[in-house]
Amino acid sequence: MKKFIDKFSEDMPNLRHLEKSVLYFVDKNLQRASKLALAELAEVTNVSTTTIVRMCKNLHLNGYAHFKIIMQECLAEGESPKSSFLQCYQEDIWGAMHGQSEERLQEVAGIVLGAERVVIISVGLTKMIGEYLSKLFMQVGRPSIYLYESHLIELVANDLTAKDVVIFLTSSGETKTLIRVAEKLMHSHIRMVVISNSADSTLAKFCSHRIGGNTKKSCFSGYDVSTRTTLMIYIDLLFESFLRLKDAHAKENPLE
């Protein structure tokens, strides 16, 4: 999915048919749309200016000027000069490895080992990464609950206790569904771990334990090409820390 329209994925259900048609037009014609005034965009999309203003309001924006700023920011990211996209990936992966702490990984591994239930939550493009972590735990006898649908996330959140742990997997840390659930769980004193590419995200502020760093966001021709590879690295590091801790625990308690 294009990065531009992905910014509004959670607000799309709030839009009427004509409002959605405007957003789809802009998504497909981002370069052209970014240069259009309000009346010009209304003309080319065959809607009224009121429809576009209402669309902006339903997207929780401060008017059409705000909408144009987002268009221009997305284009600027995609057109920013880069000597080598391969070099950018190398820098992201090096940064992901360099910024990790064995102590932090061991602490999170200990929480996972001792928890009654492990709940893994990931949505959107990180959904498959959440499944990967769940299957890693499953193959070593540490069952987990893996959730990616909003209504199930809300239901399970109501049933958690302080003995459980929730692991959020996210690239941006700004997904509204995850933020809403995390805020609710924080007030219920549920232990939460966030594995993300945005260490200073809104979601991270609600979680007591964090694994990850700040990976550069990247957009090319309107498409989100930000790496998710770093999330896999964080998961592999956590899993090996878990295995080492589990093995040490078994040696110290052979009768369990």
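Contact here means heavy atoms within 4.5 Å. The exercises below rest on a predicted model, in which local features need pLDDT of at least 70 and side-chain atom pairs count only at pLDDT 80 or more, while totals for chains, interfaces and linings use all residues. Residues are numbered from 1 along each chain as its sequence is written, and side-chain values use heavy atoms, with hydrogens and water left out.

**Exercise 1. Describe the surroundings of Ser226, and state whether this residue is buried or exposed.**

Step 1. Place the residue: Ser226 sits in the loop that runs between strand S7 (223-224) and helix H13 (229-252), where helices (H or I, at least four residues) and strands (E, at least two) are DSSP runs numbered from the N terminus.

Step 2. List its partners: once residues up to four places away in sequence are not counted, Ser226 touches Lys216, Lys217 and Ser218.

Step 3. Classify it: buried means under 20% relative accessible area, exposed over 50%, and partly exposed in between, with a 1.4 Å probe and protein chains only. Ser226 has 12% relative accessibility and therefore counts as buried.

**Exercise 2. Work out which residues Cys207 is in contact with, leaving aside neighbours within four places in sequence.**

Step 1. Cys207 belongs to the loop between helix H12 (202-206) and strand S5 (209-212).

Step 2. With a relative accessible area of 4%, Cys207 is buried.

Step 3. Beyond its sequence neighbours, Cys207 is in contact with Phe168, Met192, Val193 and Val194.

Step 4. For one of these partners a distance can be added, since the C-alpha atoms of Cys207 and Met192 are 5.0 Å apart in space, although the two residues are 15 apart in sequence.

**Exercise 3. Determine how helix H4 is oriented towards H5 and towards H2, and which residues meet.**

Step 1. Take the pair of H4 (residues 38-45) and H5 (residues 49-58): their axes come within 8 Å and cross at roughly 105 degrees. The axes are lines fitted to C-alpha atoms, for helices over the stretch in contact, and angles run from 0 to 180 degrees between N-to-C directions.

Step 2. Translate the angle into a word: angles under 35 degrees count as roughly parallel, over 145 as roughly antiparallel, 65 to 115 as roughly perpendicular and the rest as oblique. H4 and H5 are therefore roughly perpendicular to each other.

Step 3. Name the residues: Leu38, Ala39, Leu41 and Ala42 in H4 meet Thr49, Ile52 and Val53 in H5. The residues of this contact of H4 with H5 divide into six nonpolar, one polar and no charged, where Ala, Val, Leu, Ile, Met, Phe, Trp, Tyr, Cys and Pro count as nonpolar, Asp, Glu, Lys and Arg as charged, and the others, Gly among them, as polar.

Step 4. Repeat for H2 (residues 17-28), whose axis comes within 10 Å of that of H4 and crosses it at roughly 100 degrees. H2 and H4 are therefore roughly perpendicular to each other as well.

Step 5. In this second pair, Val22, Phe25 and Val26 in H2 meet Leu41, Val44 and Thr45 in H4, and the residues of the contact divide into five nonpolar, one polar and no charged.

**Exercise 4. Find where Asn46 and His60 lie, and state what their phi values are.**

Step 1. Asn46 is found in the loop between H4 and H5, and its phi is near 60 degrees, a positive value in a residue other than glycine.

Step 2. Asn46 is exposed, having a relative accessible area of 68%.

Step 3. His60 lies in the loop between H5 and H6 and has a positive phi of about 60 degrees, although it is not a glycine.

Step 4. His60 is exposed, its relative accessible area being 54%.

**Exercise 5. Summarise the protein as a whole, and locate Asn253 within it.**

Step 1. The protein has 13 helices and seven strands, and its C-alpha atoms fill a box of roughly 75 × 45 × 25 Å, taken along the principal axes.

Step 2. Of its 256 residues, 45% count as buried.

Step 3. Asn253 lies in the segment after H13 and is partly exposed, with a relative accessible area of 25%.

Step 4. The C-alpha atoms of Asn253 and Val26 are separated by 61 Å, and these residues are 227 apart along the chain.
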